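Q: Please take a close look at one residue of this structure and its surroundings. I should then like to see how that part relates to the rest of the chain.

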Amino acid sequence: MADSDIRINPSILAADFVNMQAELARVASADFVHVDVMDNHFVPNLTFGSQMVERIQATSSVPLDVHLMITDADRWAPGYAELGAASVTFHLEAAAEPVALARRLRQIGSRAGVAVKPATHVESLYDVLDEFDQILVMTVEPGFGGQSFMADQMPKLARLRDEARRRGSQVWLQVDGGVSASTIAQAAESGADTFVAGSAVFGADDPSQAIAALRATASAHVH
């Protein structure tokens, strides 16, 4: 697979929030900027909401990949698409009508993504793969940065990849949590093509070099 088919999305959860504009400039070579919205309810942490995302959208030269770890996604997710986010991902566990919500996001003009926690089965998504532009397989429990990569999620990811291929689906398969130079190859081999990396990028002396290295490693291991 060509490097251009691999997407590296640095997570601003690992950025310096006080210097967000400078931090965004450091990852200008990324494909998307991953923006974690947490509500202190669906997950036991609180980050920021639509006002902050709107400012990031206005400041970032890189399109936004918004990941909503919030309850009542049916109500709140469309507002993030209306802000102009390139991609909005909601959690399957937090949506009453995931297909209808995905269609609404697309109608507004955003890519529609759905995320699943480690304990959530993905088989219910097989028949509706084409309703989504991206499926996010969480490789940590959502809610905190800096957790270790959960390799036991790789069989789930591989099943999704095989089913997507069987159906001819163009859905992107994303992983988020513990993605680094030492884990990205395993995720790529299991079917991921879109990678959220936090400290592996923002913690590097040269984030653009880190992004390039992650992209090259993933490209070499995608089947």
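A: Phe90, in this predicted model, is in contact with Leu68, Ala73, Ala95, Pro98, Leu101, Ala102, Leu105, Gly113, Val114, Ala115 and Phe132, when its neighbours within four places in sequence are left aside. Phe90 also belongs to the largest nonpolar core, which has 67 residues. Within that core, the residues that touch the most other members are Ile12, Val35, Val37, Val66, Phe90 and Phe195. In soluble globular proteins, nonpolar side chains tend to be buried together.

Two of the core residues just named, Val35 and Val37, have numbers that fall within strand β2 (33-38). Likewise, the number of Val66 falls within strand β3 (64-69), as does that of Leu68, a contact of Phe90. Another contact of Phe90, Ala73, has a number within helix α3 (73-82).

The loop between β3 and α3 holds Asp72. Asp72 has a phi near 55 degrees, a positive value in a residue other than glycine. Asp72 is partly exposed because its relative accessible area, 37%, lies between the limits of 20% for buried and 50% for exposed. A second residue with positive phi is Asn40, where the angle is near 65 degrees. Asn40 lies in the loop between β2 (33-38) and α2 (50-59). Most residues other than glycine have a negative phi.

For another part of the chain, one may turn to Ala210, which is placed in helix α8 (residues 207-221). Ala210 counts as buried because its relative accessibility of 13% is under 20%. Leaving aside neighbours within four places in sequence, Ala210 is in contact with Ala200, Val201 and Ala204. From Ala94, Ala210 is 116 residues away in sequence and 33 Å away in space, C-alpha to C-alpha.

The chain as a whole completes the picture. It contains eight helices and eight strands. Its radius of gyration is 16 Å, close to the 17 Å that the globule rule gives for 223 residues, so the chain is as compact as a globular protein of that length. Along the principal axes, its C-alpha atoms fill a box of roughly 45 × 40 × 30 Å. Of the 223 residues, 54% count as buried. Among contacts between residues at least 6 apart in sequence, 63% join residues at least 24 apart. The chain exposes about 9,400 Å², and carbon and sulfur atoms supply 48% of that area.

Methods. Residues are numbered from 1 along each chain as its sequence is written. This is a predicted model: local features need pLDDT of at least 70, side-chain atom pairs count only at pLDDT 80 or more; totals for chains, interfaces and linings use all residues. Side-chain values use heavy atoms; hydrogens and water are left out. Helices (H or I, at least four residues) and strands (E, at least two) are DSSP runs, numbered from the N terminus. The radius of gyration is taken over C-alpha atoms; the globule rule is 2.2 Å times the number of residues to the power 0.38. Buried means under 20% relative accessible area, exposed over 50%, partly exposed in between (1.4 Å probe, protein chains only). Contact means heavy atoms within 4.5 Å. Accessible areas come from the Shrake-Rupley method with a 1.4 Å probe; for residues, only the protein chains shown count as cover. A nonpolar core is a set of buried Ala, Val, Leu, Ile, Met, Phe, Trp, Tyr and Cys residues joined through side-chain atoms within 4.5 Å.
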